[in-house]
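Please open the model in your viewer and keep the sequence panel beside it. The tour below proposes a series of selections, each followed by a description of what is found there.

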Amino acid sequence: MTNQKNGLPRILIVDDEPAIQRFLQTALDTGEFSLHKADDGHSALAAAVATRPDIILLDLGLPDMDGVQVIRRVREWSQVPIIVLSVREREDDKVKALDAGADDYVTKPFGIPELLARMRVALRRSLQEVVEPVFRSGDLEVDLHLRKVRVQEEDVQVTPTEYDLLRLLVTHAGRVLTHAHLLKQIWGVGYVEQPHVLRVNISNLRHKIEKDPSRPRYIITEPGVGYRLKVQ
């Protein structure tokens, strides 16, 4: 459920660099959002409780605690979308943030159009109290009630495991899911160290739902991190 004042989504910007805060405030102050700011982890947690934001834009390098800790603390009581904005480019930093509960990860420097697109996806997802029984993106259609997959209005035959994997991606559409999360949810904790199982099934799915599996439109690879289902 979104918490909006006067119909405007509330955005909490958490960054200790004044220049970044000014940049984001200027870029996002378009009349579409209600903006709130915090410059350290403790004030961010307090602001999250006080303002009940619809999205948190979070830097990881905060002066009093690491941003990953902030994510874990927020996730104890809220599923508000969290988009990490960080200079950290290492894959393990991205994985830690996403496994802690972040919805997306954008590396600085970034373009405002890209950030706005990711925010729109996060808002659309958070506004849905329940997953719609039929998911549609471009030519892809997944009926979650009937367990049917269609592409260009043609039925596509998938295995039970492939369907479970696609359903997990669909129910988190637009969100990056790490390799470990996908393996744990579909195959169990014993498969977390067997990424080839995931790769094979992703490849099989792409050959069934993508027009060109080598240039996928739907199942997007986040190198070294995981996959996300693109919302079109």
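## Stop one: an open sheet

In this predicted model, begin by selecting the open sheet of 4 strands, whose order is S7-S8-S9-S10 and whose pairing is antiparallel. Its edge strands are S7, residues 134–137, and S10, residues 154–156, each of which pairs on one side only. Looking across the sheet, you will find a twist that averages 25° from one strand to the next. Now add helix H6, residues 160–171, which packs on the sheet and touches S7, S8 and strand S9 (148–151), its direction making about 105° with that of S8.

Next, restrict the view to S7 and S8 (residues 140–143), the antiparallel pair that 4 bridges join. Select Glu141, which lies in strand S8 and is the bridge partner of Arg136. The side chains of Glu141 and Arg136 are also joined by a polar contact of 3.3 Å. Is Glu141 buried, partly exposed or exposed? Its relative accessibility is 24%, so Glu141 counts as partly exposed. Setting aside residues up to four places away in sequence, Glu141 touches Val134, Phe135, Arg136, Lys148, Val149 and Arg150. If you also display Asp155, the C-alpha atoms of Glu141 and Asp155 are 9.3 Å apart, with their positions 14 residues apart in sequence.

## Stop two: the nonpolar cores

Move on to the largest nonpolar core, which has 26 residues, and highlight Val14, Ile56, Leu58 and Ile71, the members that touch the most other members. At least two residues of this core come from each of strand S2 (8–14), helix H2 (41–51), strand S4 (55–58), helix H3 (67–75), strand S5 (82–86) and helix H4 (91–100). Centre on Leu58 and, leaving out its neighbours within four places in sequence, show its contacts: Val14, Gly67, Val70, Ile71, Ile82, Ile83, Val84 and Leu85. A second core, separate from this one, has 25 residues, among them Leu140, Val151, Leu165 and Tyr227.

## Stop three: helix H3

Which residues of H3 are buried? They are Gly67, Val68, Val70, Ile71, Val74 and Arg75. These residues lie on the same side of H3, because the arc they cover around the axis is only 155°. As general background, an α-helix has 3.6 residues a turn, so residues three or four places apart point the same way. To see what covers the buried residues of H3, show H2, S4, S5 and H4, which are included in that cover. Then zoom in on the N-terminal end of H3, where Asp66 acts as a cap, one of its side-chain oxygens lying 3.0 Å from the backbone nitrogen of Val68.

## Stop four: Leu60 and Ser86

From the cap, step to Leu60, in the loop between S4 and H3. With 1% relative accessibility, Leu60 counts as buried, the cut-off being under 20%. Beyond its neighbours within four places in sequence, Leu60 is in contact with Met65, Asp66, Gly67, Val68, Val84, Leu85, Ser86, Arg88 and Tyr105. Among these contacts, Val84 is 24 residues from Leu60 in sequence, yet their C-alpha atoms are 7.1 Å apart in space.

Finish by selecting Ser86, which has its place in strand S5 and counts as buried at 1% relative accessibility. Not counting residues up to four places away in sequence, Ser86 touches Asp59, Leu60, Tyr105, Val106, Thr107 and Lys108.

Note on methods. Residues numbered from 1 in each chain as written. Predicted model: local features only at pLDDT ≥ 70, side-chain atom pairs only at ≥ 80, totals over all residues. Heavy atoms only, no water. Pairing = 2+ DSSP bridges. Axes fitted to C-alpha atoms, helices over the stretch in contact; angles between N-to-C directions. Contact = heavy atoms within 4.5 Å. Core = buried A, V, L, I, M, F, W, Y, C linked by side-chain atoms within 4.5 Å. Buried < 20%, exposed > 50% of the residue type's maximum accessible area, 1.4 Å probe, protein only. Arc of directions from axis to C-beta. Polar contact = N/O pair within 3.5 Å; in protein donor to acceptor, adjacent residues only side chain to side chain.
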